[in-house]
Amino acid sequence: MIFFGMDFVETDKKNVFCQIMKRLAVILLAVLVLYPALNAQNSTSSPSSRFGYGEMNENIPTAYRGMGGVSAGLRQRSVINPSQPASYTVCDSVTFMFDLAASGMWTRYADLNGHRNRPNGNLEFVTLQFPIWKQHIAFSAGIMPYTSVGYNFALSGTEGGYDYQVNYEGEGGITNVYAGLSFNILDWFALGANAYYMFGDATNAINLTFTDAAVKGSTMYQNMRVNSFRFRYGAQFFHTFADRHKIVLGAVMENKQPLRGEFVQYELTTLDSVLVQDDGFQVPLYYSAGVSYCYDDRLLIAADYSNQLWSEAKYFGLTGVLHNRARYAFGAEYRHNRMSRNYAERMYWRLGATVMDSYVQQGAKKDFAVSAGMGFPLRTSETLFNLSLEYTRRHSAANLIEDNLKLTVNIAVAENWFFKRKL
């Protein structure tokens, strides 16, 4: 009987291991299938994405986008929060999580010449998270965009008595693949770190033509290829008072780091070219601080402040070309009763607001956004469907105003993978 029991336990462990490996293989296959869609970087048509490295992506999980994009001071078991690496240890010791998100966006561009509308859509991110050692160490990994470039527009005018037209076109962007670890140092303190591999390329083209064939035009072509690493560090302090009041304080930092790769610029009319490599570009010092308060697992209120010091980072070998990007975010979430038979009372309801600076245009009016979201829990598991709707107004170059309405949908799958069967 003793040997039979030992054999059963050994067999049970093998079965659990095989099931986990099969599920991981399915997830890996899904990521490989979905990767081309994510890497396509078709999530913007903004003319302002031709400046700097393109349009920045916040990499905030869908649930927190509905709360204004807060993240530094949040740790919830139902959300993978890659923007705060210290949060991974909030997961319990038996749950594997897989998160997949996609978005659709409608944008209205308005300037002195009128207005136009553009739709966009793309896969947003793929992330996963699981415990390594009980609730002391946890791991997360995923793929998500860092910047996006996508525009195609034309401007016309008259110079020296000659009519001309300038066509602007660009596409591409930079993608992040990350892996992160989180450690519970104490019962009330966690540390974490993410390592990012950044890759991708972006192209920008400017074509000047004249209506008079006797006047020669010109074409400028730029290409940036990125192949680099960067690191992010996070810390969280958390405590529960009187079983109903929970407070989390969080901080995140990235030091200024080189952006490896190469930049090539061609003047096709004269065949002149410029090549800039390695130390000509940097990603900036980034820091963020946030706080959240939760009452009775029902009401959650959070606030964040972050800043990217782009003015101190090199761009084409120079500093001061780009501008600091401060961001303020505020959000709230309400769930009446997670054990209620009334489905609406078990749902998550979210609201938020954001105010931020542009990193490519000095002195521009601040961009602002308001958001709302909902979370739909499944009755028989911890899996959660999330929706967030964001309205953003952005002031771009040349008196261009952009109004964005973005809908993001994600499924956060949570399953008990790491448990021992009892006889």
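Me: How do E6 and E7 pair, and over how many bridges?

Reply: In this predicted model, E6 and E7 run antiparallel to each other, and their pairing covers 20 bridges. For one position to look at, find Ala 205, which stands opposite Tyr 221 in E7.

Me: And what about E5 and E6, in which sense do they pair?

Reply: Again antiparallel, with 22 bridges between E5 and E6. Tyr 168 has Ile 206 of E6 as its bridge partner. E5 and E6 form a hairpin, and two residues sit between the strands.

Me: Let's turn to the inside. Which residues touch the most other members of the largest nonpolar core?

Reply: The general idea is to look for buried nonpolar side chains joined through atoms within 4.5 Å. Here the largest such core has 27 residues, and those touching the most other members are Tyr 53, Tyr 146, Met 198, Leu 259, Phe 281 and Trp 310. Six strands each supply at least two residues of this core: E2 (95-111), E4 (137-159), E5 (162-186), E6 (189-210), E7 (218-241) and E19 (401-416). E4 gives the most, with three residues. Apart from this core lies another one, made of eleven residues, including Tyr 64, Leu 74, Cys 294 and Ala 329.

Me: I'd like to zoom in on one member. What does Trp 310 touch?

Reply: Setting aside residues up to four places away in sequence, Trp 310 touches Tyr 53, Met 56, Tyr 146, Gln 282, Val 283, Pro 284, Leu 322, His 323, Asn 324, Arg 325 and Tyr 359. Tyr 53 and Tyr 146 also appear with Trp 310 among the residues touching the most other core members.

Me: Now for charged pairs. How many salt bridges does a search of the whole structure find?

Reply: The search finds 13. To read one, check the distance between a side-chain nitrogen of Lys or Arg and a carboxyl oxygen of Asp or Glu, with 4 Å as the cut-off. Take Lys 406 and Glu 124, whose closest N and O atoms are 3.4 Å apart. This pair links distant parts of the chain, with Lys 406 in strand E19 and Glu 124 in strand E3 (residues 114-133), 282 residues apart.

Me: Are Lys 406 and Glu 124 buried or exposed?

Reply: Both Lys 406 and Glu 124 are buried.

Me: Where do Asp 296 and Arg 244 lie?

Reply: The side chains of Asp 296 and Arg 244 meet in a salt bridge, at 3.8 Å from N to O. Asp 296 is in the loop between strand E13 (286-295) and strand E14 (299-308), while Arg 244 is in the loop between E7 and strand E8 (245-254), so the salt bridge ties together parts 52 residues apart in sequence. Asp 296 is partly exposed at 24% relative accessible area, and Arg 244 is partly exposed at 43%.

Me: How far apart are the closest N and O atoms of Lys 366 and Asp 357?

Reply: They are 2.6 Å apart, and the two residues form a salt bridge. Lys 366 counts as partly exposed because its relative accessibility is 43%, whereas Asp 357, at 18%, counts as buried. There is also a network to trace: salt bridges with shared partners join Glu 55, Arg 394 and Glu 402.

Me: Next, the backbone. What is phi of Asn 59 near?

Reply: When you scan phi, a positive value in a residue other than glycine is a feature to pick out, and Asn 59 has one, near 60 degrees. Asn 59 is in the loop between strand E1 (55-56) and helix H2 (62-65). At 13% relative accessibility, Asn 59 counts as buried.

Me: And Asp 297, where is it found?

Reply: Asp 297 is in the loop between E13 and E14. Phi of Asp 297 is also positive, near 55 degrees. Asp 297 is exposed, with a relative accessible area of 59%.

Me: One last residue. Which residues is Arg 116 in contact with?

Reply: Arg 116 lies in strand E3 and counts as partly exposed at 30% relative accessibility. Leaving aside neighbours within four places in sequence, Arg 116 is in contact with Pro 47, Thr 107, Arg 108, Tyr 109, Asp 111 and Phe 153. For sequence against space, try Arg 116 and Glu 402: they are 286 residues apart in sequence, with their C-alpha atoms 10.0 Å apart.

Definitions and conventions
Residues are numbered from 1 along each chain as its sequence is written. This is a predicted model: local features need pLDDT of at least 70, side-chain atom pairs count only at pLDDT 80 or more; totals for chains, interfaces and linings use all residues. Side-chain values use heavy atoms; hydrogens and water are left out. Buried means under 20% relative accessible area, exposed over 50%, partly exposed in between (1.4 Å probe, protein chains only). Helices (H or I, at least four residues) and strands (E, at least two) are DSSP runs, numbered from the N terminus. Contact means heavy atoms within 4.5 Å. Two strands pair if DSSP finds at least two bridges between them.
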